[in-house]
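Me: I should like a close look at one part of this structure, with an account of how to read it. Please begin with a single position and then work outward to the rest of the chain.

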Amino acid sequence: PAGQTGSHSRDVTWARYALQDVSSADAGEYFAIASSQYGSDRTAAFITVVQERVPAQVSILVGSPVNVLYGDRVFIPVEITGSPTPNITWSRPESDEQFVLHPNGTLELPAVLPDDEGFYTVSAENSEDTEDTETVQIAI
């Protein structure tokens, strides 16, 4: 009121909530609630987790050429990096053949035949619109 003097004091406690090792599971709505002897209030914040974008890269983990014998089972392992996780495909310029592809990107030829000799190219591509390729030769 007019003409009155006085002072007002309050105790304030600050809180901070920190997320560490954030993953998509941390996305969602978070609430902060403040309360005192005079009542309470609440506010909300929505957190969206955005993945770091890293271009696709692929490396064949064996030397070229890979020397094999007829009938051998061959594995060509690769190392794949990128975020989001790249899609992996194997191809041969001289063939429309479908290949056995393991979840980690490794190419498997169950029993090598004479027609399997040649160059094999692995491609890694993600939504960053980047593609990385490497080629290995299988020699019989």
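Reply: S123 lies in strand β10, which covers residues 118-126. The model in which S123 is viewed here is a predicted one. Is S123 buried or exposed? S123 has a relative accessibility of 11%, which is under the 20% limit, and therefore it counts as buried. Its position in space can be related to a residue far away in the sequence. S123 and S59 are 64 residues apart along the chain, while their C-alpha atoms are separated by 9.6 Å.

The strand that holds S123 belongs to a chain with 11 strands and zero helices. Followed along the sequence, the pattern is therefore β-β-β-β-β-β-β-β-β-β-β. The chain has 140 residues, and 24% of them are buried.

Another buried position is found in strand β9. This strand spans residues 107-109 and contains E108. E108 has a relative accessibility of 10%; because this value is under 20%, E108 is classed as buried. With which side chains does the side chain of E108 make polar contacts? One partner is the side chain of R73, at 3.2 Å. Another is the side chain of H102, at 2.6 Å.

The loops offer exposed positions. In the loop between β3 and β4 one finds G63. Its relative accessible area is 52%, which is over the 50% limit, so G63 counts as exposed. G63 can be related to I76, which is 13 residues away in sequence. The C-alpha atoms of G63 and I76 are 9.6 Å apart in space. P65 is found in the loop between β3 (54-60) and β4 (66-67). The peptide bond that leads from S64 to P65 is cis, and its omega is near 5°.

A cis peptide bond is also present between S83 and P84, with omega about 0°. P84 is located in the loop that connects β6 (78-83) with β7 (87-91). These bonds deserve attention because most peptide bonds are trans, just as most residues other than glycine have a negative phi. D21 bears on the second part of that statement: it is not a glycine, and yet its phi is positive, at about 50°. D21 is placed in the segment before β1. With a relative accessibility of 78%, which is over 50%, D21 is therefore exposed.

The loop between β1 and β2 contains Q37. Q37 has a relative accessible area of 68%; this is over 50%, so the residue is exposed. The side chain of Q37 makes a polar contact with the side chain of Y38, at 2.8 Å.

The strands on either side of this loop lead to a pocket. Which elements give two or more residues to the lining of the second largest pocket? They are β1 (28-36) and β2 (39-47). The largest share comes from β2, which supplies four residues. The volume of this second largest pocket is about 240 Å³. Such a space can be found because rolling a probe the size of a water molecule over the atoms shows where empty space is left.

The lining of the second largest pocket consists of A15, R16, Y17, A18, L19, Y30, F31, A32, T43, A44, A45 and I47. Sorted by class, this lining has 10 nonpolar residues, one polar residue and one charged residue. Among the lining residues, F31 has a further relation that merits a closer look. The charged end of R42 sits over the ring of F31, at 4.1 Å from the centre of that ring. Pairs of aromatic rings are another matter: the structure holds zero of them.

To return to the starting point, S123 is a buried residue in strand β10, whereas G63 is exposed in the loop between β3 and β4.

Terms used
Residues numbered from 1 in each chain as written. Predicted model: local features only at pLDDT ≥ 70, side-chain atom pairs only at ≥ 80, totals over all residues. Heavy atoms only, no water. Phe/Tyr/Trp six-rings, centres within 6.5 Å; stacked < 30°, edge-to-face > 60°. Lys NZ or Arg CZ within 6 Å of the ring centre and 35° of its normal. 1 Å grid on protein atoms, 1.4 Å probe; cavity = no way out; pocket = protein on both sides within 12 Å on 5 of 7 lines; lining within 4 Å. Points joined across faces, edges and corners; volume = space filled by probe spheres on them. Nonpolar A, V, L, I, M, F, W, Y, C, P; charged D, E, K, R; others polar. Buried < 20%, exposed > 50% of the residue type's maximum accessible area, 1.4 Å probe, protein only. Polar contact = N/O pair within 3.5 Å; in protein donor to acceptor, adjacent residues only side chain to side chain.
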